[in-house]
Amino acid sequence: MDQCTALNGIFVPLVTPFDADGALAAQALEALAHGLLDDGAAGLVALGTTAETATLDEDERRAVVRICARVCRERGATLIVGAGGSDTRRSAEALRALGRDVPEAAAALVTVPSFSRAGEAGTLAHFRHLAAVSPVPLIVYHIPYRTGQPLSAAALLELAAVPGVAGIKHAVGGIDADTVELLGSAPAGFAVLAGDDVFLPPLLALGAHGGILAASHLATARFVELAEAWRTGDVPRARALGHALAALAGAAFAAPNPTVVKGVLHAQGRIPTPAVRLPLLPAAPALVEAALARLTAVRAPEPMATAAAG
């Protein structure tokens, strides 16, 4: 299986459930991971932004990765692990440790260096160095509205050509000319994965290979169905389902992620509390209710079938 094949489909960046005392709810995390794979997710992402990784201590991070690795090993699913940061040297150390300690890891999700604003040349040098020393393939996480570092289509295509860089989580807050050029010119074996949930449908229409999507906690089977509809050319179904899932994604991000997602998962009884750690605050009940309403609409087969037929 080549890297691009392994990175096709919907990958869920897992939340970190907390119990009533604020501790990691390990059993809930494991059950959630199994449930998402039951619903058709191609794999799981451990220690992404959605996991509130910055608030987890080292023991908690190790526990999260251990649980996700065990589940993916048992289920034959793809495991992606968030690793690295803005310091190239320490990122290299983290990637070596990931390859040594987590043999189940199929790839590492590595964010473009933030705050330093290293420029395109510095960013390319950062990833060339990491790819050269990493024992696992890299997925570049490009999210310029968080990192402060834009990248042109030319820079993105240079990254795509670096040996050891398997793909990109593309989250630029829209679909611009650089996005279109990337999707039209990316080399074979390089996976473009949507990272802005609301833009998954049009990115799939343009040829994206899948997505890493927090909202896919909530309607995993429907997100998988959407990706499959575009893959097989079922355009009417893909359009109708894409509109509904974009609305769900918008509701899921009506407050800082993952607060609404956790609120919905708790309302469904899938995690023990909706708790998040500061500086995040729990989502307002009205926002959780709005997301639940969107979820009900997405799951209802009759309206979706009618929309597809129309």
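Q: Why is Cys72 called buried?
A: Cys72 has a relative accessible area of 2%. The word buried is used under 20%, so at 2% Cys72 earns the label. Please keep in mind that this is a predicted model, and that the values here are computed from it.

Q: What makes Cys68 buried?
A: The reasoning runs along the same path. The relative accessible area of Cys68 is 0%, and the cut-off for buried is under 20%, so Cys68 counts as buried.

Q: How many disulfides does a search of the whole structure find?
A: The search finds zero. Take Cys68: the nearest cysteine sulfur belongs to Cys72 and is 6.5 Å away. Seen from the other end, Cys72 has the sulfur of Cys68 as its nearest, again at 6.5 Å. A disulfide needs two cysteine sulfur atoms within 2.5 Å, so a gap of 6.5 Å leaves Cys68 without one.

Q: How many helices and strands are there in the protein?
A: The protein has 14 helices and eight strands.

Q: Why is the protein called as compact as a globular protein of its length?
A: Set two numbers side by side. The radius of gyration is 18 Å, and the globule rule gives 19 Å for 310 residues. The two values are close, so the protein is as compact as a globular protein of that length. For a picture in three directions, the C-alpha trace spans about 50 × 50 × 35 Å along its principal axes. Buried residues make up 52% of the 310, and the protein exposes about 12700 Å², with carbon and sulfur atoms supplying 56% of that area.

Q: How do you know which contacts join residues at least 24 apart in sequence, and what share do they make up?
A: A contact means heavy atoms within 4.5 Å. Start with the contacts between residues at least 6 apart in sequence; 72% of these join residues at least 24 apart. His34 offers a local example to look at. This residue sits in helix α2, which covers residues 26–38. Leaving out residues up to four places away in sequence, His34 touches Val71, Glu74 and Arg75.

Q: What makes helix α7 mostly covered?
A: Count its residues. Helix α7 runs over residues 153–160, and six of its eight residues are buried. They are Ala153, Ala155, Leu156, Leu157, Leu159 and Ala160. The cover over these buried residues includes α5, β5, β6 and α8.

Q: Why does Arg117 count as exposed?
A: Its relative accessibility is 61%. Exposed means over 50%, so Arg117 passes the cut-off. You can find Arg117 in the loop between β4 and α5. Its phi is near 50°, a positive value in a residue other than glycine.

Q: Is Leu47 buried or exposed, and how do you know?
A: Leu47 has a relative accessible area of 13%. That value is under 20%, so Leu47 is buried. Its place is the loop between β2 and α3. Leu47 also has a positive phi, about 65°, although it is not a glycine.

Q: Why point out a positive phi or a cis peptide bond?
A: Most residues other than glycine have a negative phi, and most peptide bonds are trans, so the exceptions catch the eye.

Q: Which residues does the cis peptide bond with omega near 10° join?
A: That bond runs from Asn257 to Pro258, and Pro258 lies in the loop between α11 and α12. Another cis peptide bond joins Leu278 and Pro279, with omega about 20°. Pro279 is in the loop between α12 and α13.

Q: Why is Ala247 called partly exposed?
A: The label partly exposed covers values between the 20% and 50% cut-offs. Ala247, with a relative accessible area of 25%, falls in that range, so the label fits. Ala247 belongs to helix α11, residues 235–252. From C-alpha to C-alpha, Ala247 and Gly233 are 22 Å apart in space and 14 residues apart in sequence.

Q: What makes Pro236 partly exposed?
A: Pro236 has a relative accessible area of 47%. That is not over 50%, nor under 20%, so Pro236 is partly exposed. Pro236 lies in helix α11. Its C-alpha is 47 Å from that of Glu93, with their positions 143 residues apart in sequence.

How values were computed: Residues are numbered from 1 along each chain as its sequence is written. This is a predicted model: local features need pLDDT of at least 70, side-chain atom pairs count only at pLDDT 80 or more; totals for chains, interfaces and linings use all residues. Side-chain values use heavy atoms; hydrogens and water are left out. Helices (H or I, at least four residues) and strands (E, at least two) are DSSP runs, numbered from the N terminus. The radius of gyration is taken over C-alpha atoms; the globule rule is 2.2 Å times the number of residues to the power 0.38. Buried means under 20% relative accessible area, exposed over 50%, partly exposed in between (1.4 Å probe, protein chains only). Accessible areas come from the Shrake-Rupley method with a 1.4 Å probe; for residues, only the protein chains shown count as cover.
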